[in-house]
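Let's take a walk through this chain, from the overall layout down to a few side chains worth zooming in on. Keep the viewer open as you read.

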Amino acid sequence: MKNEIIGRFETFVIVVLIILGAFFVRLYKISNPIADWHSWRQADTASVGRIYVERGIDILYPRYYDVSAIQTGYTNLAGWRFVEFPIFNIIHALAFKYIGHFSFDTWGRLVSVISSTVTVAAMFFLGKKLSGKWVGIFAAFFYAFIPFNVYFTRVILPEPMAVTFSILGVLSFVYYYGNSRKILLFISALFFALALLLKPFSAF
């Protein structure tokens, strides 16, 4: 019993350190302007949130600043942005407008950083449930600190949030499969639905 308690405590400490490390490593130059890799795509995503801040949130008719025919081949004078359901953009706009303190660009990155930090925790629990605590620890560690992941989970894009919802959906379903509590199945379905709304490729 004593060894088991120590093992649980050590596991808890390791996981907490991984989660905190994942969060803080993504804060590096968090206030940088949107001028890095895929800056055009990040600017497009951010502009939806900016218009929400300026004109109010219209969830079914998101707009952005590009009115050209580059994206679709048709002139888009109204600036419609029907690429993904604007869950990310709404959270981005609300955080900037009502919490404030940070710049608009910083809040966009922080939404992704927080999403990816949740994913790190979910990866641990998923790995632990399927193959044991060490698989969970290694899964969380590598997701947290692989350089590619670090960069692409601090961008102003909806993909990090879509991954978060996808992993939470899988995790909820795995727990449902283990004890057949219907509430977990509904939670899993909700997370999958949100992931699909953000990025349809989440189905795969």
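What follows goes from the whole fold to its core, then to one helix, the charged pairs and a few backbone oddities.

One thing up front: this is a predicted model. The secondary structure is simple to describe, with 8 helices and 0 strands, so reading from the N terminus you get α-α-α-α-α-α-α-α. Put a box around the C-alpha atoms along the principal axes and you get roughly 65 × 40 × 30 Å. The chain has 204 residues, and 43% of them count as buried. Sequence-distant contacts carry a good share here: among contacts with a separation of 6 or more, 64% are between residues 24 or more positions apart. On the outside, the chain exposes about 11,700 Å², with carbon and sulfur atoms supplying 71% of that area.

Now for the inside. The largest nonpolar core has 35 residues, and the members that touch the most others are Ile-18, Phe-88, Val-120, Met-161, Phe-165 and Leu-198. Contributions come from many places: helix 1 (2-25), helix 2, helix 3, helix 4 (104-131), helix 5 (133-145), helix 7 (159-179) and helix 8 each put in at least two residues. Pick Ile-18 and look around it. Leaving out residues up to four places away in sequence, Ile-18 touches Val-120, Ile-137, Ala-140, Phe-141, Ala-144 and Phe-145. Apart from the largest core there is another one, of 5 residues, including Ala-95, Trp-107, Leu-110 and Val-113.

Helix 3 makes a good case study. Its 13 residues should span 18 Å at 1.5 Å a residue, and the end C-alpha atoms are 17 Å apart, which agrees. Its buried residues are Ile-87, Phe-88, Asn-89, Ile-90, His-92, Ala-93 and Ala-95. A bit of helix geometry helps when reading such a list: an α-helix has 3.6 residues a turn, so residues three or four places apart point the same way. As for partners, the buried residues of helix 3 pack against helix 2, helix 4, helix 7 and helix 8.

Next, the charges. There are 4 salt bridges in the structure. In one of them Glu-84 pairs with Arg-41, with the closest N and O atoms 3.1 Å apart. This pair links distant parts of the chain, 43 residues apart: Glu-84 sits in the loop between helix 2 (39-55) and helix 3 (87-99), while Arg-41 is in helix 2. Are these partners buried or exposed? Glu-84 counts as buried because its relative accessible area is 9%, and Arg-41 is buried too, at 13%. Glu-84 also forms a salt bridge with Lys-199, where the closest N and O atoms are 3.3 Å apart. Lys-199 lies in the segment after helix 8 (182-198) and Glu-84 in the loop between helix 2 and helix 3, so this pair ties together parts that are 115 residues apart in sequence. Lys-199 is buried as well, with 10% relative accessibility. Add Glu-159, and you have a network of salt bridges linking Arg-41, Glu-84, Glu-159 and Lys-199.

Asp-44 and Arg-81 make a salt bridge too, at 4.0 Å from N to O. Here Asp-44 belongs to helix 2 and Arg-81 to the loop between helix 2 and helix 3, 37 residues apart. Both Asp-44 and Arg-81 are buried.

While you're on helix 2, have a look at Gln-42. How accessible is Gln-42? Its relative accessibility is 0%, so Gln-42 counts as buried. A polar atom of the Gln-42 side chain lies 3.0 Å from the backbone nitrogen of Ile-156. Other contacts of Gln-42, beyond residues up to four places away in sequence, include Ile-34, Trp-37, Arg-109, Tyr-151 and Leu-157.

Last stop: backbone angles. Most residues other than glycine have a negative phi. Lys-29 goes the other way, with phi near 50°. Lys-29 is in the loop between helix 1 and helix 2, and its 47% relative accessibility makes it partly exposed. Just after helix 3, Gly-100 has a positive phi of about 65°. His-101 also has a positive phi, near 70°. You'll find His-101 in the loop between helix 3 and helix 4, where it counts as exposed at 75% relative accessibility.

Note on methods: Residues are numbered from 1 along each chain as its sequence is written. This is a predicted model: local features need pLDDT of at least 70, side-chain atom pairs count only at pLDDT 80 or more; totals for chains, interfaces and linings use all residues. Side-chain values use heavy atoms; hydrogens and water are left out. A salt bridge is a side-chain nitrogen of Lys or Arg within 4 Å of a carboxyl oxygen of Asp or Glu. Helices (H or I, at least four residues) and strands (E, at least two) are DSSP runs, numbered from the N terminus. Buried means under 20% relative accessible area, exposed over 50%, partly exposed in between (1.4 Å probe, protein chains only). A nonpolar core is a set of buried Ala, Val, Leu, Ile, Met, Phe, Trp, Tyr and Cys residues joined through side-chain atoms within 4.5 Å. Contact means heavy atoms within 4.5 Å. A polar contact is a pair of N or O atoms within 3.5 Å; within protein, one must be able to donate a hydrogen and the other to accept it, and residues adjacent in sequence count only if both atoms are side-chain atoms. The expected span of a helix is 1.5 Å times one less than its number of residues. Accessible areas come from the Shrake-Rupley method with a 1.4 Å probe; for residues, only the protein chains shown count as cover.
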